[in-house]
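Here are some notes for a colleague coming to this structure without background. They take the aromatic rings before the cores, then turn to one annotated site and one helix.

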Amino acid sequence: MQQTLAIVKPDGVARNLIGEVVARIERNQLAIKAMKMIHMSRAQAEGFYAVHKERPFFKDLTDFMCSGPAVVMILQGENAIARWREMMGATNPADAADGTIRRDFATDIEKNVVHGSDAPETAAFETGYFFSGLERN
């Protein structure tokens, strides 16, 4: 069984989309192994997105991610990373497939409601970033 990180970003929380996202996860037979609401500090957002530090969108992304509460989850299931990424849709909602979370709810490329790990190594880092060993079992 594979695990991945899922985040309902501040725009999704502010728009009361937590329940809709969770319902879609459960309908797609991914188990939620851990979940909590957090409000990232700037330092936490910068640490989480450190891989993008040299990108032009880094400041806007980290400003956005610490602008309000977010819900972080560990999802588990067969091919969880690919399945969650398919459910999310393309980063740019204009390019996302019909029926995906981003196509249905995102307002732009930054405010795209959800985040997901893109590889097993990323998932290991990201789940460990937000959840202690006791929370991940």
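1. Aromatic pairs. The model is predicted. It holds 5 aromatic pairs. One of them joins Phe48 and Tyr129. Their ring centres are 5.6 Å apart and the planes meet at 55°, a tilted arrangement. Phe48 sits in helix α3 (residues 42-48), while Tyr129 sits in helix α7 (residues 120-130). The two residues are 81 apart in the chain, so this pair links distant parts of it.

2. Burial of that pair. Is Phe48 buried or exposed? Phe48 has a relative accessible area of 4%, and because the limit for buried is under 20%, Phe48 counts as buried. Tyr129 reaches 29%, which makes Tyr129 partly exposed.

3. A second partner for Phe48. Phe48 also pairs with Phe130. Here the centres are 4.9 Å apart and the planes stand at 50°, so this pair is tilted. Phe48 belongs to helix α3 and Phe130 to helix α7, so the pair ties together parts 82 residues apart in sequence. Phe48 and Phe130 are both buried.

4. The cluster. Which residues form one aromatic cluster? They are Phe48, Tyr49, Phe125, Tyr129 and Phe130.

5. A charge over a ring. Look also at Phe131. Lys36 lies over the face of that ring, 4.9 Å from its centre.

6. The largest nonpolar core. It has 20 residues. Those with the most contacts inside it are Val21, Ile25, Met73, Trp84 and Val113. Five names head the list of elements giving two or more residues: β1 (2-8), α2 (18-27), β3 (70-77), α5 (80-88) and α6 (101-105). Helix α5 gives the most, with 4 residues. In soluble globular proteins, nonpolar side chains tend to be buried together.

7. Ile25 and its contacts. Set aside the neighbours within four places in sequence. Ile25 then touches Leu30, Ile32, Met73, Leu75, Trp84 and Met87. Of these, Met73 and Trp84 are also listed with Ile25 among the residues with the most contacts inside the largest core.

8. A second core. This one is separate and has 18 residues. Among them are Phe48, Leu61, Met65 and Ile74. Phe48 is thus found in the aromatic cluster and in the second core.

9. The annotated site. An unreviewed UniProt entry gives the annotation "active site" to His115. Where does His115 lie? His115 is in strand β4 (residues 114-116). Its relative accessibility is 12%, so His115 counts as buried. Beyond neighbours within four places in sequence, His115 is in contact with Leu5, Ala6, Ile7, Lys9, Phe48, Tyr49, Trp84, Met88, Arg102 and Glu126. Two of those contacts, Phe48 and Tyr49, belong to the aromatic cluster.

10. Helix α4. This helix covers residues 58-65. Its buried residues are Phe58, Leu61, Thr62, Phe64 and Met65. Why do they line one face of the helix? Seen down the axis of α4, they fall within an arc of 160°, so they line one face. They pack against β1, α1 (10-14) and α3. Leu61 and Met65 are also included in the second core.

11. The annotated span. The unreviewed UniProt entry carries "domain: Nucleoside diphosphate kinase-like" for residues 1-135. The end C-alpha atoms of this span lie 17 Å apart. Residues 1-135 are 41% helix and 19% strand.

Key
Residues numbered from 1 in each chain as written. Predicted model: local features only at pLDDT ≥ 70, side-chain atom pairs only at ≥ 80, totals over all residues. Heavy atoms only, no water. Phe/Tyr/Trp six-rings, centres within 6.5 Å; stacked < 30°, edge-to-face > 60°. Buried < 20%, exposed > 50% of the residue type's maximum accessible area, 1.4 Å probe, protein only. Lys NZ or Arg CZ within 6 Å of the ring centre and 35° of its normal. Core = buried A, V, L, I, M, F, W, Y, C linked by side-chain atoms within 4.5 Å. Contact = heavy atoms within 4.5 Å. UniProt positions renumbered as here; feature names shortened; annotations may be inferred. Arc of directions from axis to C-beta.
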